[in-house]
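Q: Please take a close look at a single part of this model, the beginning of the chain, and describe how it is placed and what it is joined to.

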Amino acid sequence: QVQLVESGGGLVQAGGSLRLSCAASGGIWRLNAMGWYRQALGKQRELVAVITSGSSANYADSVNGRFTISRDNAKNTVYLQMNSLKPEDTAVYYCRADVISDKFSTERDFWGQGTQVTVSS
């Protein structure tokens with residue numbers, strides 16, 4: 001079974017930086033797109049950034065220019081470098097991966113458990 005383990009969340013002052021990591025392990029034959037989502041208290045989960053297996057990236061308008069998504073395919077790991085953090089970035093951040101478990105399977109998405117990011121003003 002595929003598992004995604006996130007790390008790197010925490011408390012930071014406005015203007016500061018954090019780097020999130022998400023490592024995928026388990027039954028992975030092919031790891032396709034990976035992404036970061038976030039859910040603030042009382043709000044719906046939203047896309048933050050996504051990166052393809054070829055490292056093509058897209059960002060939400062609210063984080064474009066401040067956040068950078070990257071991946072290390074050898075380690076099955078995706079990163080989110082967050083700079084110039086704002087209080088409105090406060091949320092639980094979730095990692096998602098689109099995985100094909102073997103050559104006979106179709107793609108499925110898997111989610112991490114979430115990591116809290118809190119930005120104080």
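The answer below starts with the terms of the model, follows the opening part of the chain, and then moves outward from there.

A: This is a predicted model, in which local features need pLDDT of at least 70 and side-chain atom pairs count only at pLDDT 80 or more, while totals for chains, interfaces and linings use all residues. Residues are numbered from 1 along each chain as its sequence is written, and side-chain values use heavy atoms, with hydrogens and water left out.

Val-2 lies in the segment before S1, where strands are DSSP runs of E with at least two residues, numbered from the N terminus. With a relative accessible area of 7%, Val-2 is buried; that word stands for under 20% relative accessible area, whereas exposed means over 50% and partly exposed lies in between, using a 1.4 Å probe and protein chains only. Val-2 and Gly-15 are separated by 13 residues in sequence, and their C-alpha atoms are 35 Å apart in space.

Strand S1 follows, covering residues 3-7. In a regular strand the side chains alternate between the two faces of the sheet. Along S1 this alternation can be followed residue by residue: Leu-4 and Glu-6 point to one face and are buried, while Gln-3, Val-5 and Ser-7 point to the other face and are not buried.

What does S1 pair with? Its partner is strand S3 (residues 18-25), which runs antiparallel to S1 and is joined to it by 5 bridges; two strands count as paired if DSSP finds at least two bridges between them. Among the bridge partners, Glu-6 is matched with Cys-22 in S3, and Ser-7 with Ser-21 in S3. Glu-6 is thus a residue with a buried side chain in S1 and also the bridge partner of a cysteine in S3.

This pairing belongs to an open sheet of 4 strands, in the order S1-S3-S8-S7 and with antiparallel pairing. S1 is an edge strand of this sheet, as is strand S7 (67-72), each of them pairing on one side only. Neighbouring strands of the sheet are turned by 15° against each other on average, with direction ignored; the axes behind this value are lines fitted to C-alpha atoms, and angles between N-to-C directions run from 0 to 180 degrees.

From Cys-22, the bridge partner of Glu-6, the description can be carried on to a covalent link. Cys-22 and Cys-95 form a disulfide with their sulfur atoms 2.1 Å apart, a disulfide being a pair of cysteine sulfur atoms within 2.5 Å, and by this rule the count comes to 1. The torsion about the S-S bond of this pair is about -80°, so the disulfide is left-handed. Because Cys-22 lies in strand S3 and Cys-95 in strand S9 (residues 91-100), the pair ties together parts that are 73 residues apart in sequence. Both Cys-22 and Cys-95 are buried.

Taken together, the opening part of the chain has a buried Val-2, then an edge strand whose side chains alternate between buried and not buried, and this strand is held against S3 by 5 bridges. Through Cys-22, S3 is in turn tied to S9.
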